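Q: Hi! I have a structure open and would like some help looking around. Can we go through it together?

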Amino acid sequence: MKRKNISKVAAALLSLTFVLAACSSGDGGSSSSNNNTADNNTSEASAPSETAENEADSKQYKNEINIAMTAQPPTLDASLSASNAANGVAGHIFEQLFTMNLDYEPMPELAESYEANEDGTVYTITLRQGVKFHNGAEMTADDVVASMNRWLSVSDRARTLLAGSVFEKIDDYTVELTVGQATSDVMILLSSRILFPAIMPADIVENAPAEGVAEYIGTGPYKLEEWKADQYIHLTRYEDYQSVDLPSSAYSGRKEAATENLYYFFVSDHATRIAGLKTGEYDVAESVPLENYDELYGQEGITLYSKPSGSLNLFFNTSEGVLADVDMRQAILAAIDCNEVMLASYANKDHYTLDPGYMNIDQPQWAVKSGSEYYNQANGEKAKELLEAAGYNGETITLLTTPDYQEMYAATIVIQEQLRQIGVNAEIASYDFPTFMETKDNRSAWDMFITSNSYNVIPPQILAVNSSWAGLDEPQVAESLAAIRSASTEAEAQEEWAKLQQFMYEFASSTTLGHYNSSMATSDKVEDMVYFDHTIYWNAKVEK
Amino acid sequence: MLGYIMKRLLSLIPVLFVVSIVIFMIIHITPGDPASSILGMEATPEEISELNERMGLNAPLPIQYKNWIVKVFHGDLGDSIFMRQPVTEAIKEHLGPTLSLALLAQLIAIILAVPFGIIAAYKRGSAADTVIMSISLLGMAVPSFLLGLFLMLLFSVKLGWLPVAGYRPMKMGLWNHYRYLILPGFSLGTIQAALIARMTRSSMLDTLYLNYIKTARAKGLKEQAVLLKHAFKNAALPILTVIGQTFGTLITGAVVIESLFNIPGIGQLILNSITRRDIAVIQGVVLFVTLVYVGINLIVDLLYGVIDPRVRLDGK
């Protein structure tokens, strides 16, 4: 009797499986045909432009690129938000007066040319004529002055580094920038890509609410078609786009808008992004988690991109608590084994580089090694001696962190263990990211924290020298920064920066733990995409 | 009946009022604010405070609460800082995907659970009972995201039958709409099925050994009629309660499954709003969720009276 029952159940289960499989297989057939229908529909809409392209090239290209990005940008107002997602998408809609090429050199974009007076306090900038905004209006000096002055007031970097500067209109196609203080980096700041000075129509800028402009109207090769909250951002080619006639190099030069539609899907789950790339749902997966890198490596049909893109940094509380004592901070520096930390955070030696510098290791101008004797010491004995000399008495040291950024969290756990090894009573305070940010501003609540920070173009932009970031407020820092910015030659500026980096290690205000690579993956049918500080799609196309 | 419904609806007001105060306090006591989400990681405290000031978020809490609650009574839940639209609009937009997914998942759950629950009860102690109950125990133990990942790997990545993730509105075609919801629907539905199946079994067992079932059998009714017409009808009340509860859970946000399969529903809305501290949206969605929960409970209570005439809702 029992046996009979079991076989009945088995049969029932088996038939259920078949029913499910049959349902799903039915899905399969229609699914692919539906896919085609969707494609046909979209290509119909863009038939004229596609035909032209096809004639020019025997290869057939899709009229859309589907990009899976990790998070929805908070806003596309690039002057306001330092978020990578915001700057990446906004870079396709908005343009600047000047922008960066592959070597991080300023290149003209909406500006035709510029001239500086002898003492470097006044810059006269001539604008390109006939450039039209997405709303059809021509860009003139009024728009530039309004946009640039807003940038000078809302962007923290611009406000600090270009304090007292102002833009004024000379005529319809000429503007004048008077800087508060003559420095050698004005053009670099104007062309900087984080919190970038996007040129928008004057009326939009003037009526912008506090949380960012209400309309996204730029001059770029793509215009915003639709932003479906929590789903996607859809950009379409701007047919009246006027490209500069220079070879394409990173953000600068010719922009083709080669593919008519860019869809940025917000796909926060890593596994979903990767699975979607494998099945062709997405052409690009921005940010591949390191644990998936090896899985994708060498896989047919997938191209992987990886490059150093920032550093993992440890910041000490130099103003309050146990670590206000420099000897205590030096003791901790002596104990840290950076290799262990980076391995825990980035999983594989191919994904990071150990280097004491705070700046981009691929940028020879600023990649200096001063302070290396304090970096990655991994010397427990020395640390214990320094602790004893500093009179450490078992006080709690609080490591602030957030599990929202896996690499920051992993590094903190390793540091906690390394500190325990030398007898330090280290405790972790872990919060979600917004709480972490708020707690960080309360100096009595933490002793150290770790953040991963993208590279900056010049030393004055980095957070390690920013007094409001972790509270480093030594006069020597401000003096060195001024010296770097007013240096007459590149060599002199580099020397000043090397001195400042040496000071930061001696004072033990912070330390670099290492430099990380960022990775992304695309289908191997994607052509001419540029993986730079942000991913650039304006010349990219995807073979059908 | 009408009086009862009115009474229940009126009792909703104090519930919503208490919920509104609690959620307002929780959000405002929790550190973090929308300004730091807008400005990004590298923003300075001064910038954050300045933006909060300009957005009116530095005002004293009682004043902020009063401003908000007055608007709520006028049917205005405020505007989302990030989505640039009224919260009611945002909820309306995100409700569609959730509703579709919840209905599909619930359908799957009921189709799987009720027959198997009845079989398990009818064949109590048999191998069929053991197998069904073991599977349902497994179903309750497996987290939905794990099942979701497994289904995704099998049906999307390996077999390529269904899309990995995403959502298409119904206006793009019924099939196009549902093929994106099948995998998440199964991930949620099978797990809810486990709970419903267990409840069906125990509720059926309670009735199957009652005297009127013996009478039904004694008068020569077919076993099928005994089971479905007599036993199941009387066992239905607790099953209905569980179905109501699970539906409430599904509709108020299958947060994990929605974010795994990238479905822009209520779950995603609340998750994203919390991470970016979109205060008006969090408050609005929580009030809405409360309303839905209470509403579903009310409907379930009303259905009691329909299924079992012995239940008198108006106390007469």
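Below is a chat about some strands, helices and cavities of this structure.

A: Happy to help! Keep in mind that this is a predicted model.

Q: Good to know. What is the strand order in the open sheet of four strands in chain A?

A: The order is S4-S5-S7-S6 in chain A, and the strands pair in the antiparallel sense.

Q: And which strands sit at the edges?

A: Those are strand S4 (111-116) and strand S6 (166-171) of chain A, each of which pairs on one side only. On average, neighbouring strands of this sheet are turned by 25° against each other, if direction is ignored.

Q: What packs on that sheet?

A: Helix H4 (residues 141-154) of chain A does, and it touches strand S5 (122-127), S6 and S7 of chain A. The direction of H4 makes about 175° with that of S6(A).

Q: Back to S6 for a second. How many bridges join S6(A) to strand S7?

A: Five bridges join S6(A) to strand S7 (residues 174-178) of chain A, and these two strands run antiparallel. If you want a spot to click on, Asp171(A) stands opposite Thr174(A) in S7(A).

Q: What holds strands together in a sheet, in general?

A: Strands of a sheet pair through backbone hydrogen bonds, and the pairing can be parallel or antiparallel.

Q: Okay, how do S8(A) and S9(A) fit together?

A: They form a hairpin, with three residues between them. Strand S8 (residues 222-228) and strand S9 (residues 232-237) of chain A pair in the antiparallel sense over six bridges. Within that pair, Leu224(A) stands opposite Leu235(A) in S9(A). In the turn, Asp230(A) has a positive phi of about 65°.

Q: New topic: helices. At what angle do H10 and H17 of chain A cross?

A: The axes of helix H10 (residues 326-335) and helix H17 (residues 490-507) of chain A cross at roughly 100° and come within 8 Å. H10(A) and H17(A) are therefore roughly perpendicular to each other.

Q: Which residues make the contact?

A: From H10(A) there are Val326(A), Arg329(A), Gln330(A) and Leu333(A), and from H17(A) there are Tyr505(A), Glu506(A) and Phe507(A). The residues of this contact divide into four nonpolar, one polar and two charged.

Q: What about holes inside? How many cavities of 30 Å³ or more are there?

A: A search of the whole structure finds six of them. The largest cavity has a volume of about 110 Å³. It has 14 lining residues, and the closest to its centre are Asn313(A), Asn453(A), Ser454(A), Asn456(A) and Ile462(A).

Q: Which element gives the most to that lining?

A: S12(A) does, with three residues. The elements giving two or more residues to the lining of the largest cavity are strand S12 (302-316) and strand S16 (448-454) of chain A. The lining residues divide into seven nonpolar, six polar and one charged.

Q: And what lines the second largest cavity?

A: Residues from both chains do, including Leu80(A), Asp156(A), Arg157(A), Leu39(B) and Glu42(B). This cavity holds about 60 Å³ of space, and its lining residues divide into six nonpolar, one polar and four charged.

Q: Since chain B came up, how many helices and strands does chain B have?

A: Chain B has 14 helices and zero strands. Its C-alpha atoms fill a box of roughly 80 × 60 × 35 Å, taken along the principal axes.

Notes: Residues are numbered from 1 along each chain as its sequence is written. Chains are lettered from A and ligands numbered from 1 in the order in which they are written. This is a predicted model: local features need pLDDT of at least 70, side-chain atom pairs count only at pLDDT 80 or more; totals for chains, interfaces and linings use all residues. Side-chain values use heavy atoms; hydrogens and water are left out. Two strands pair if DSSP finds at least two bridges between them. Axes are lines fitted to C-alpha atoms, for helices over the stretch in contact, and angles run from 0 to 180 degrees between N-to-C directions. Contact means heavy atoms within 4.5 Å. On a 1 Å grid over the protein atoms alone, a cavity is a set of points where a 1.4 Å probe fits but cannot get out, and a pocket is an open set with protein on both sides within 12 Å along at least five of seven lines; lining residues have an atom within 4 Å of a point. Grid points are joined across faces, edges and corners, and a volume is the space filled by probe spheres set on the points. Ala, Val, Leu, Ile, Met, Phe, Trp, Tyr, Cys and Pro count as nonpolar, Asp, Glu, Lys and Arg as charged, and the others, Gly among them, as polar. Angles under 35 degrees count as roughly parallel, over 145 as roughly antiparallel, 65 to 115 as roughly perpendicular and the rest as oblique.
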